[in-house]
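Thanks for coming, everyone. I would like to walk slowly through one structure this morning, so please have a look at it before I begin.

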Amino acid sequence: MSISRDDVLRWMELFAAAVAEHRAELVALDTAIGDGDHGTNMDRGMRKALERLGASEQADAGAALKTVAMALISSVGGAAGPLYGTLFLQMGSALAGNPEIELADYAQAWRKGLEGVQARGKAQPGDKTMVDALIPGVEALERASDLSDGLRAAAQAAETGMKATIPLVARKGRASYLGERSRDHQDPGATSTYYLFEAAAAALAG
Ligand SMILES: [Mg+2]
(Lines give C-alpha, C1' and ligand atoms only; values in the text may rest on other atoms or scores of the structure.)
Protein backbone atom coordinates (compact mmCIF):
# COMPACT_ATOMS: atom_id res chain seq x y z
CA MET A 1 0.00 0.00 0.00
CA SER A 2 1.26 3.48 -0.84
CA ILE A 3 0.08 7.09 -0.80
CA SER A 4 -0.68 8.94 -4.05
CA ARG A 5 -1.08 12.61 -4.88
CA ASP A 6 -4.86 12.23 -4.81
CA ASP A 7 -4.64 10.64 -1.34
CA VAL A 8 -2.77 13.71 -0.12
CA LEU A 9 -5.36 16.02 -1.68
CA ARG A 10 -8.07 14.08 0.18
CA TRP A 11 -5.99 14.36 3.39
CA MET A 12 -5.86 18.15 3.04
CA GLU A 13 -9.62 18.29 2.33
CA LEU A 14 -10.34 16.31 5.49
CA PHE A 15 -7.97 18.46 7.55
CA ALA A 16 -9.65 21.64 6.27
CA ALA A 17 -13.05 20.13 7.12
CA ALA A 18 -11.88 19.20 10.64
CA VAL A 19 -10.48 22.67 11.25
CA ALA A 20 -13.76 24.23 10.05
CA GLU A 21 -15.81 21.84 12.21
CA HIS A 22 -13.68 22.52 15.30
CA ARG A 23 -13.08 26.21 14.67
CA ALA A 24 -15.04 27.37 17.74
CA GLU A 25 -13.27 24.81 19.95
CA LEU A 26 -9.84 25.96 18.72
CA VAL A 27 -10.83 29.60 19.30
CA ALA A 28 -11.98 28.77 22.85
CA LEU A 29 -8.75 26.90 23.65
CA ASP A 30 -6.65 29.78 22.31
CA THR A 31 -8.79 32.38 24.10
CA ALA A 32 -8.00 30.67 27.41
CA ILE A 33 -4.21 30.85 27.07
CA GLY A 34 -3.48 32.91 23.94
CA ASP A 35 -5.05 35.54 21.74
CA GLY A 36 -8.01 33.49 20.54
CA ASP A 37 -7.20 33.47 16.85
CA HIS A 38 -6.07 29.88 16.25
CA GLY A 39 -9.40 28.51 15.00
CA THR A 40 -10.18 31.42 12.69
CA ASN A 41 -6.58 31.60 11.43
CA MET A 42 -6.32 27.90 10.60
CA ASP A 43 -9.78 27.88 9.05
CA ARG A 44 -8.93 30.86 6.82
CA GLY A 45 -5.56 29.31 5.93
CA MET A 46 -6.93 25.91 4.99
CA ARG A 47 -9.75 27.46 2.93
CA LYS A 48 -7.07 29.39 1.05
CA ALA A 49 -5.00 26.21 0.69
CA LEU A 50 -7.92 24.26 -0.85
CA GLU A 51 -8.58 27.19 -3.18
CA ARG A 52 -4.99 27.11 -4.43
CA LEU A 53 -4.93 23.30 -4.70
CA GLY A 54 -8.02 23.52 -6.91
CA ALA A 55 -6.66 26.36 -9.02
CA SER A 56 -3.83 24.44 -10.68
CA GLU A 57 -2.70 20.89 -11.36
CA GLN A 58 -0.39 19.59 -8.60
CA ALA A 59 2.48 17.56 -10.08
CA ASP A 60 2.67 15.17 -7.13
CA ALA A 61 1.99 14.86 -3.40
CA GLY A 62 5.08 16.90 -2.59
CA ALA A 63 3.99 19.76 -4.84
CA ALA A 64 0.52 19.70 -3.26
CA LEU A 65 1.97 19.99 0.26
CA LYS A 66 4.21 22.87 -0.82
CA THR A 67 1.14 24.65 -2.23
CA VAL A 68 -0.58 24.23 1.15
CA ALA A 69 2.54 25.56 2.89
CA MET A 70 2.69 28.71 0.76
CA ALA A 71 -1.05 29.35 1.25
CA LEU A 72 -0.68 29.10 5.04
CA ILE A 73 2.45 31.24 5.18
CA SER A 74 0.83 33.99 3.12
CA SER A 75 -2.61 33.97 4.76
CA VAL A 76 -2.16 33.01 8.44
CA GLY A 77 -0.69 35.44 10.93
CA GLY A 78 0.75 34.74 14.35
CA ALA A 79 2.79 31.63 15.02
CA ALA A 80 0.53 29.07 13.36
CA GLY A 81 1.08 30.19 9.74
CA PRO A 82 4.88 29.98 9.76
CA LEU A 83 4.91 26.79 11.88
CA TYR A 84 2.34 24.84 9.87
CA GLY A 85 3.86 26.36 6.73
CA THR A 86 7.24 24.97 7.72
CA LEU A 87 5.74 21.56 8.55
CA PHE A 88 4.08 21.23 5.13
CA LEU A 89 7.04 22.76 3.26
CA GLN A 90 9.50 20.26 4.76
CA MET A 91 7.10 17.36 4.15
CA GLY A 92 6.55 18.54 0.58
CA SER A 93 10.29 18.76 -0.08
CA ALA A 94 10.81 15.26 1.31
CA LEU A 95 8.04 13.80 -0.89
CA ALA A 96 8.65 15.80 -4.09
CA GLY A 97 8.91 13.60 -7.19
CA ASN A 98 7.67 10.50 -5.35
CA PRO A 99 4.54 9.12 -7.07
CA GLU A 100 4.07 6.18 -4.66
CA ILE A 101 4.80 7.11 -1.08
CA GLU A 102 5.51 4.15 1.18
CA LEU A 103 5.22 4.09 4.97
CA ALA A 104 8.97 4.75 5.42
CA ASP A 105 8.87 7.75 3.02
CA TYR A 106 5.84 9.17 4.77
CA ALA A 107 7.32 8.73 8.25
CA GLN A 108 10.56 10.36 7.09
CA ALA A 109 8.65 13.32 5.66
CA TRP A 110 6.88 13.81 9.01
CA ARG A 111 10.26 13.65 10.76
CA LYS A 112 11.60 16.39 8.44
CA GLY A 113 8.48 18.44 9.14
CA LEU A 114 8.91 18.03 12.90
CA GLU A 115 12.57 19.06 12.65
CA GLY A 116 11.55 22.15 10.67
CA VAL A 117 8.90 23.11 13.23
CA GLN A 118 11.38 22.72 16.10
CA ALA A 119 14.10 24.67 14.27
CA ARG A 120 11.64 27.48 13.62
CA GLY A 121 9.76 27.59 16.93
CA LYS A 122 12.50 26.31 19.26
CA ALA A 123 9.93 24.26 21.19
CA GLN A 124 11.04 21.24 23.18
CA PRO A 125 8.82 18.38 24.36
CA GLY A 126 6.74 19.48 27.36
CA ASP A 127 6.70 23.18 26.40
CA LYS A 128 2.93 22.90 25.77
CA THR A 129 2.96 23.42 21.99
CA MET A 130 2.02 21.56 18.80
CA VAL A 131 5.32 19.68 19.19
CA ASP A 132 3.77 17.72 22.08
CA ALA A 133 1.30 16.11 19.65
CA LEU A 134 3.75 16.00 16.72
CA ILE A 135 6.51 14.00 18.42
CA PRO A 136 4.38 11.05 19.60
CA GLY A 137 2.57 10.96 16.24
CA VAL A 138 5.81 10.91 14.24
CA GLU A 139 7.37 8.31 16.54
CA ALA A 140 4.32 6.05 16.17
CA LEU A 141 4.66 6.22 12.37
CA GLU A 142 8.38 5.43 12.63
CA ARG A 143 7.66 2.37 14.82
CA ALA A 144 4.96 1.04 12.48
CA SER A 145 5.41 -1.81 10.03
CA ASP A 146 2.10 -1.32 8.22
CA LEU A 147 0.81 1.97 6.76
CA SER A 148 -2.83 1.67 7.88
CA ASP A 149 -1.97 0.51 11.39
CA GLY A 150 0.75 3.16 11.62
CA LEU A 151 -1.62 5.96 10.65
CA ARG A 152 -4.16 4.87 13.25
CA ALA A 153 -1.47 4.49 15.90
CA ALA A 154 -0.11 7.95 15.04
CA ALA A 155 -3.55 9.56 15.44
CA GLN A 156 -3.98 7.83 18.79
CA ALA A 157 -0.50 8.86 19.97
CA ALA A 158 -1.07 12.46 18.88
CA GLU A 159 -4.36 12.50 20.80
CA THR A 160 -2.60 11.25 23.92
CA GLY A 161 0.11 13.90 23.44
CA MET A 162 -2.55 16.58 22.99
CA LYS A 163 -4.32 15.62 26.22
CA ALA A 164 -0.98 15.48 28.04
CA THR A 165 -0.55 19.24 27.39
CA ILE A 166 -3.44 19.99 29.82
CA PRO A 167 -1.42 19.90 33.09
CA LEU A 168 1.65 21.54 31.53
CA VAL A 169 2.84 25.09 32.17
CA ALA A 170 3.56 26.79 28.82
CA ARG A 171 7.17 27.66 28.10
CA LYS A 172 6.79 28.86 24.50
CA GLY A 173 4.50 31.22 22.65
CA ARG A 174 1.97 33.69 24.01
CA ALA A 175 0.69 31.18 26.58
CA SER A 176 4.07 31.27 28.32
CA TYR A 177 3.33 34.87 29.47
CA LEU A 178 0.62 33.36 31.71
CA GLY A 179 3.07 31.16 33.63
CA GLU A 180 1.22 28.97 36.16
CA ARG A 181 -2.14 30.22 34.87
CA SER A 182 -1.55 28.32 31.61
CA ARG A 183 -1.92 25.06 33.57
CA ASP A 184 -5.15 23.02 33.20
CA HIS A 185 -5.76 24.14 29.62
CA GLN A 186 -5.27 22.02 26.50
CA ASP A 187 -2.88 23.55 23.99
CA PRO A 188 -4.65 24.76 20.81
CA GLY A 189 -1.68 24.00 18.52
CA ALA A 190 -1.40 20.43 19.82
CA THR A 191 -5.14 20.11 19.24
CA SER A 192 -5.01 21.16 15.57
CA THR A 193 -2.00 18.87 15.10
CA TYR A 194 -4.05 15.97 16.45
CA TYR A 195 -6.74 16.81 13.85
CA LEU A 196 -4.03 16.70 11.16
CA PHE A 197 -3.04 13.14 12.17
CA GLU A 198 -6.68 12.12 12.51
CA ALA A 199 -7.35 13.43 8.98
CA ALA A 200 -4.32 11.48 7.73
CA ALA A 201 -5.70 8.27 9.24
CA ALA A 202 -9.15 8.90 7.76
CA ALA A 203 -7.80 9.76 4.30
CA LEU A 204 -4.87 7.38 3.97
CA ALA A 205 -5.45 4.33 6.17
CA GLY A 206 -7.69 2.68 3.58
MG1 LIG B 1 -3.16 32.71 18.80
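In which helix does Ala 202 lie? Before I answer, please keep in mind that what you see is a predicted model. Ala 202 lies in helix α9, and with 17 C-beta neighbours inside 10 Å it counts as partly exposed, because the count for a buried residue has to be 20 or more. If we compare positions along the chain with positions in space, Ala 202 and Arg 183 are 19 residues apart in sequence, while their C-alpha atoms are 31 Å apart.

Let me turn to Ala 201, which also has its place in helix α9. Is Ala 201 buried or exposed? Ala 201 is buried, since there are 20 other C-beta atoms within 10 Å, and that number meets the cut-off of 20 or more. Leaving aside neighbours within four places in sequence, Ala 201 is in contact with Leu 151, Arg 152 and Ala 155. In the case of Gln 156, 45 residues away from Ala 201 along the chain, the two C-alpha atoms are separated by 9.7 Å.

That brings me to the core. The largest nonpolar core has 69 residues, and those that touch the most other members are Met 12, Phe 15, Leu 65, Val 68, Phe 88, Ala 154 and Ala 200. Which helix gives the most to this core? Helix α9, residues 188-204, does so, with 10 residues. As general background, nonpolar side chains in soluble globular proteins tend to be buried together. If we take Val 68 as an example and do not count residues up to four places away in sequence, we find that Val 68 touches Met 12, Ala 49, Leu 53 and Phe 88.

Val 68 also has a part in a helix pair, so let me describe that pair next. Helix α3, residues 38-55, and helix α4, residues 61-75, pack at an angle of about 135°, with their axes 8 Å apart. That angle makes α3 oblique to α4, and the crossing of the two is right-handed. On the α3 side the contact is made by Arg 44, Gly 45, Lys 48, Ala 49, Arg 52 and Leu 53, and on the α4 side by Ala 64, Thr 67, Val 68, Ala 71, Leu 72 and Ser 75. Sorted by character, the residues of this contact are 6 nonpolar, 3 polar and 3 charged.

The second pair is made up of helix α6, residues 103-121, and helix α7, residues 131-143, which pack at an angle of about 155° with their axes 9 Å apart. α6 and α7 are therefore roughly antiparallel to each other, and α6 passes α7 in a left-handed crossing. Among the residues that meet here are Tyr 106, Trp 110 and Leu 114 in α6, and Leu 134, Ile 135 and Val 138 in α7. The contact of α6 with α7 divides into 10 nonpolar residues, 1 polar and 2 charged.

Finally, please look at the loop between α6 and α7, where Lys 122 lies and where Lys 128 is found as well. Phi of Lys 122 is near 60° and phi of Lys 128 is near 70°, a positive value in a residue other than glycine. As for their surroundings, Lys 122 counts as exposed, with 12 C-beta neighbours inside 10 Å, whereas Lys 128 has 27 and counts as buried.

Note on methods
Residues are numbered from 1 along each chain as its sequence is written. This is a predicted model: local features need pLDDT of at least 70, side-chain atom pairs count only at pLDDT 80 or more; totals for chains, interfaces and linings use all residues. Axes are lines fitted to C-alpha atoms, for helices over the stretch in contact, and angles run from 0 to 180 degrees between N-to-C directions. Helices (H or I, at least four residues) and strands (E, at least two) are DSSP runs, numbered from the N terminus. Angles under 35 degrees count as roughly parallel, over 145 as roughly antiparallel, 65 to 115 as roughly perpendicular and the rest as oblique. A crossing is left-handed if the near helix is turned anticlockwise from the far one by less than a right angle, and right-handed if clockwise. Two residues are in contact if their C-beta atoms, placed from the backbone, lie within 7 Å. Ala, Val, Leu, Ile, Met, Phe, Trp, Tyr, Cys and Pro count as nonpolar, Asp, Glu, Lys and Arg as charged, and the others, Gly among them, as polar. A nonpolar core is a set of buried Ala, Val, Leu, Ile, Met, Phe, Trp, Tyr and Cys residues joined through C-beta atoms within 7 Å.
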